[in-house]
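Hi,

Here is the structure I promised to pass on. Have a look at it first, and then read my notes underneath.

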Amino acid sequence: MGVRATRIRRYGNGCLRRTARPVDPAGPETAELLEQLWATLLKDGGVGLAAPQIGRDERVVVVMDPEQKQGQRKMGLVNPVIRETFGPKVSFEEGCLSFPGLYKNVWRPRGVVVEFDGPQGKQTLRSEALAARIIQHEIDHLDGILFIDHLSAWQRFLLWPRFVSYVMFEAWQKISGKERAD
Ligand SMILES: [Zn+2]
């Protein structure tokens, strides 16, 4: 069948602000969505991607944990929910494929316990450090929350010209007909 990588939507596209809906973990569409997310993430070389970033309002994310051994790095989380956070809040530089070239320090709890729908029912994952940060960033996307929302109003104000460039890019995608609908 071969699922192809697709375009990652940038800031300014309405799909990034919607609340995503739960999906059927056993459905073939979910498997296909996961495949497409992986294909897109691997092509763009990021560490995480959420379905809303490719214009799909479904609660599915993929996370690459660079601190794991080869073969154990890829996590596909369907209907993930953060059940608990633990440890101190730490600040670390984050980026987002919907904001190319922008990196900012964001404060988040050091660890999370996340529940999701695995192939054999509910699964729980305890995660720390980088993986926990990526998971929190991606689950935020499912509720229309972006990493810039964690910055101060002043920091966001200073980034205004950058935001305009993303918004213009998205507007151009629509006007030029590169994208039929979002
Ligand atoms: Zn992101």
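Below is what I found, going from the first helix to the two sheets and then the cores. Keep in mind that this is a predicted model.

**Helix H1**

Let's start with H1, which covers residues 28-44. With 17 residues at 1.5 Å each, H1 should span 24 Å, and its end C-alpha atoms are indeed 24 Å apart, so the two agree. Which residues of H1 are buried? They are Thr30, Leu33, Gln36, Leu37, Thr40 and Leu41. These cover an arc of only 130° around the axis, which means they sit on the same side of H1. The spacing fits the usual helix rule: an α-helix has 3.6 residues a turn, so residues three or four places apart point the same way.

If you turn H1 around, the face away from the buried side carries the exposed residues Pro28, Glu32 and Lys43. Right after the helix comes Gly45, with a positive phi near 70°.

What covers the buried side of H1? The cover includes strands E1 (48-50), E2 (60-64) and E3 (74-78).

**The E1-E2-E3 sheet**

Those three strands make an open, antiparallel sheet in the order E1-E2-E3. E1 and E3 are the edge strands, each pairing on one side only. On average, neighbouring strands here are turned by 10° against each other, ignoring direction. E1 and E2 are joined antiparallel over 3 bridges, and Leu49 has Val62 in E2 as its bridge partner.

H1 lies across E1, E2 and E3, at about 40° to E2. Helix H2 packs on this sheet as well, touching E1 and E2, with its direction at about 160° to that of E2.

**The E4-E5-E6 sheet**

The other sheet is also open and antiparallel, with 3 strands in the order E4-E5-E6. E4 (81-94) and E6 (121-128) are at the edges with a single partner strand each, so one side of each has no neighbour in the sheet. Neighbouring strands in this sheet are turned by 25° against each other on average, direction ignored.

E4 and E5 pair antiparallel over 11 bridges. If you want to check the register, Glu94 stands opposite Lys104 in E5, and Ser91 has Trp107 in E5 as its bridge partner. H2 packs on this sheet too, where it touches E4, E5 and E6 and makes about 80° with the direction of E5.

On the other side of E5, 8 bridges join it to E6, again antiparallel. Val112 stands opposite Ser127 in E6. E5 and E6 form a hairpin, with 2 residues between them.

**The cores**

Where do the helices and sheets come together? The largest nonpolar core has 25 residues, and those touching the most other members are Leu37, Ala51, Val61, Val62, Val63, Leu77 and Ile135. Two or more residues each come from H1, E1, E2, E3, E5 (104-118) and H2 (129-142). H2 gives the largest share, 6 residues.

Leu77 is a good residue to click on: leaving aside neighbours within four places in sequence, Leu77 is in contact with Val61, Val63, Val114 and Phe116. There is also a second, separate core of 6 residues, including Leu16, Cys96, Phe99 and Tyr166.

Cheers

Technical notes
Residues numbered from 1 in each chain as written. Predicted model: local features only at pLDDT ≥ 70, side-chain atom pairs only at ≥ 80, totals over all residues. Helix = DSSP H or I, 4+ residues; strand = E, 2+ residues; numbered from the N terminus. Expected span 1.5 Å × (residues − 1). Buried ≥ 20, exposed ≤ 12 C-beta atoms within 10 Å, placed from the backbone. Arc of directions from axis to C-beta. Contact = placed C-beta atoms within 7 Å. Core = buried A, V, L, I, M, F, W, Y, C linked by C-beta atoms within 7 Å. Pairing = 2+ DSSP bridges. Axes fitted to C-alpha atoms, helices over the stretch in contact; angles between N-to-C directions.
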